[in-house]
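Reader: Hi! I would love a close look at one part of this model, with a little of its surroundings for context. Could you take me through it?

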Amino acid sequence: MDDIDRAILRELQTDGRIPYSDLGPKVGLSASAARQRLQRLIDEKVVQVVGVTDPMAMGGQTMALLGLHVDGDPRAVADELSRHDEVVYAVLTSGTFDLFAEVVCRRPHDLLDLVNDVVRPIEGVTAVESIPYFGIHTHRFLWDVD
């Protein structure tokens with residue numbers, strides 16, 4: 001990856017639907033050269049162009065990150081969590097928690113029900129810490145591409 005590839009990725013993080021006619025000039029290329037560059041990045045699996053939903057716009061009003069302590073294999077717990085629609089993602093960690101899960105629920109009491117009735121009873125889960133998000137209206141994930 002060179003500086004132009006990184007510039008393309010920065011622009012896509014800002015607006016993933018930017019037309020090539022706008023992208024090219026912003027990164028110092030023609031529209032067709034920008035299209036070719038992006039296609040190469042996609043072909044080389046450096047970048048993947050996907051749609052990202054806004055959970056709040058889809059009816060979820062309560063979001064939280066769950067930190068889980070697990071006795072045994074946390075992958076089995078992650079697999080079980082992934083079966084539930086409220087779970088946006090689950091990720092294994094090597095830190096204080098064995099597993100993190102981001103969840104979106106319609107209402108605060110739905111989060112409480114999810115934690116108490118679904119997450120805690122999963123075999124191997126020994127503790128759950130819920131970290132609710134407040135005032136979040138969009139999800140934007142930006143990584144430094146430099």
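**A lysine in a helix, and its surroundings**

Author: Happy to! Let us begin with Lys26, which sits in helix α2, the element that covers residues 20-27. Please keep in mind that this is a predicted model.

Is Lys26 buried or exposed? Lys26 has a relative accessibility of 54%, and because exposed means over 50%, Lys26 counts as exposed. Even so, Lys26 has contacts with residues beyond its sequence neighbours: leaving aside residues up to four places away in sequence, Lys26 touches Glu11 and Ile18. Another residue to place beside it is Ala7: Lys26 and Ala7 are separated by 19 residues in sequence, and their C-alpha atoms are 8.3 Å apart in space.

Now for the chain around this helix. The secondary structure comprises five helices and four strands. Read from the N terminus, the order of elements is α-α-α-β-α-β-β-α-β. The chain has 146 residues, of which 33% count as buried. Its exposed surface comes to about 9,300 Å², with carbon and sulfur atoms supplying 51% of that area. As for contacts, take those between residues at least 6 apart in sequence: 62% of them join residues at least 24 apart.

With Lys26 as one example of an exposed residue, a nonpolar counterpart on the surface may interest you too. Val88, Tyr89 and Val91 form a nonpolar surface patch, and together they have about 230 Å² of accessible area. Tyr89 belongs to strand β2, which spans residues 87-92. With a relative accessibility of 33%, Tyr89 counts as partly exposed, because that class lies between the buried limit of 20% and the exposed limit of 50%.

One last stop, for the aromatic rings. How many aromatic pairs does a search of the whole structure find? The search finds one. The partners are Phe97 and Phe100, whose ring centres are 5.4 Å apart and whose planes make an angle of 50°, a tilted arrangement. A pair of aromatic rings is described by just these two quantities, the distance of the centres and the angle of the planes. The partners also fall into separate accessibility classes: Phe97 has a relative accessible area of 13% and is therefore buried, whereas Phe100, with 24%, is partly exposed.

To return to your close look: Lys26 is an exposed residue of helix α2, and Glu11 and Ile18 are the residues Lys26 touches once those up to four places away in sequence are set aside.

Methods: Residues numbered from 1 in each chain as written. Predicted model: local features only at pLDDT ≥ 70, side-chain atom pairs only at ≥ 80, totals over all residues. Heavy atoms only, no water. Patch = residues over 30% accessible without salt bridge, like charges linked within 9 Å, V, L, I, M, F, W, Y side chains within 5 Å. Areas by Shrake-Rupley, 256 points an atom, 1.4 Å probe, with all protein chains shown as cover. Salt bridge = Lys/Arg side-chain N within 4 Å of Asp/Glu carboxyl O. Helix = DSSP H or I, 4+ residues; strand = E, 2+ residues; numbered from the N terminus. Buried < 20%, exposed > 50% of the residue type's maximum accessible area, 1.4 Å probe, protein only. Contact = heavy atoms within 4.5 Å. Phe/Tyr/Trp six-rings, centres within 6.5 Å; stacked < 30°, edge-to-face > 60°.
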